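Here are my notes on the model, set out as numbered points. Please read them with the structure open beside you.

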Amino acid sequence: MSAPGSLLITDVRPYGEGSPVDVLIVDGVITEIGPGLVAPADTERLAGHNSVLLPGFVDLHTHLREPGREDTETIATGSAAAALGGYTAVFAMANTDPVADNSTVTDNVYRTGREVGLVDVHPVGAVTVGLQGKQLAEMGMMAAGAAKVKMFSDDGKCVDDPLLMRRALEYAKGLDVLIAQHAE
Ligand SMILES: [Zn+2]
């Protein structure tokens, strides 16, 4: 997400290295890094107080629990927690109710994430229908939808049928997406 206008972050150490510098961001793009930067008067300023400056983190495995278990977490509460922790993007696992095994669910998760507007919410699509490990989900439809799903996983259920896994990997290669198998 890029914000219009200029922002000058002063007195920070990128990656925690070296002496403190200033960072000038114009229309969401870093244009200058160095000590004692001079910026126009209307530039927003953020004092870093010698903090470590890092790029936004990406969490590849979150459970936002929406749809279905909004009593435990929602896209809004999960996004807020992520943003507070320095994350700018999260990947939301597919074991929701209904399961994110079709583009209706993945596009809804994506759109809700946009509406909340705190971090980029990328839905992870299920590899198999209902996470049941029997039949491949419509990976192509999810990849082609508004959410442009790039990662597929049955999460803790895992795909344990080697033939099905082979087909999933072949589809993934053709679609230029990733299969993420849960580490056991
Ligand atoms: Zn998980």
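How many helices and strands does the protein have?

1. The protein has 4 helices and 9 strands, and I would begin from that inventory while keeping in mind that the model is predicted. Followed along the sequence, these elements give the pattern β-β-β-β-β-α-β-α-β-α-β-α-β.

2. On overall dimensions, the C-alpha trace spans about 60 × 30 × 30 Å along its principal axes. The radius of gyration of the protein is 20 Å, whereas a compact globule of 184 residues would have a value near 16 Å.

3. Turning to surface and packing, 36% of the 184 residues count as buried, and the protein exposes about 10600 Å², of which carbon and sulfur atoms supply 55%. Among the contacts with a separation of 6 or more, 67% are accounted for by residues 24 or more positions apart.

4. One open sheet is formed by 4 strands in the order S3-S2-S1-S4, and its pairing is mixed. Its edge strands are S3 (29-34) and S4 (44-53), each of which pairs on one side only. Neighbouring strands of this sheet are turned by 20° against each other on average, with direction ignored.

5. Within that sheet, strand S1 (residues 6-14) pairs with strand S2 (residues 21-26) in the antiparallel sense, over 5 bridges. To locate this pairing on the display, one may take Leu8, whose bridge partner in S2 is Leu24.

6. An open sheet of 3 strands has the order S5-S6-S7, and here the pairing is parallel. S5 and strand S7 (120-123) are the edge strands, each pairing on one side only, and the twist averages 20° from one strand to the next. The pairing between S5 and S6 is in the parallel sense and runs over 4 bridges, with Phe57 standing opposite Tyr87 in S6.

7. Which residues form an aromatic pair, and what is its geometry? The count comes to 1 aromatic pair, and that pair consists of Phe57 and Tyr87, arranged edge-to-face with 5.3 Å centre to centre and 65° between the planes. The pair links distant parts of the chain, since Phe57 lies in strand S5 (residues 57-62) and Tyr87 in strand S6 (residues 87-92), 30 residues apart. The label edge-to-face applies because the angle of 65° between the planes is over the cut-off of 60 degrees.

8. Are the two partners of this aromatic pair buried or exposed? Neither description fits, because Phe57 has a relative accessible area of 34% and is partly exposed, and Tyr87, at 29% relative accessibility, likewise counts as partly exposed. Both values fall in the intermediate class because buried means under 20% relative accessible area and exposed means over 50%. Phe57 and Tyr87 thus appear both as residues standing opposite each other across the S5 and S6 pairing and as the partners of an edge-to-face aromatic pair.

9. A last point concerns Leu169, which is found in helix H4 (residues 162-175). Leu169 is partly exposed, with a relative accessible area of 45%. The C-alpha atoms of Leu169 and Ala83 are separated by 32 Å, and these two residues are 86 residues apart along the chain.

Methods. Residues are numbered from 1 along each chain as its sequence is written. This is a predicted model: local features need pLDDT of at least 70, side-chain atom pairs count only at pLDDT 80 or more; totals for chains, interfaces and linings use all residues. Side-chain values use heavy atoms; hydrogens and water are left out. Rings of Phe, Tyr and Trp (its six-membered ring) pair if their centres lie within 6.5 Å; planes under 30 degrees apart count as stacked, over 60 as edge-to-face and the rest as tilted. Helices (H or I, at least four residues) and strands (E, at least two) are DSSP runs, numbered from the N terminus. Buried means under 20% relative accessible area, exposed over 50%, partly exposed in between (1.4 Å probe, protein chains only). Two strands pair if DSSP finds at least two bridges between them. Axes are lines fitted to C-alpha atoms, for helices over the stretch in contact, and angles run from 0 to 180 degrees between N-to-C directions. The radius of gyration is taken over C-alpha atoms; the globule rule is 2.2 Å times the number of residues to the power 0.38. Contact means heavy atoms within 4.5 Å. Accessible areas come from the Shrake-Rupley method with a 1.4 Å probe; for residues, only the protein chains shown count as cover.
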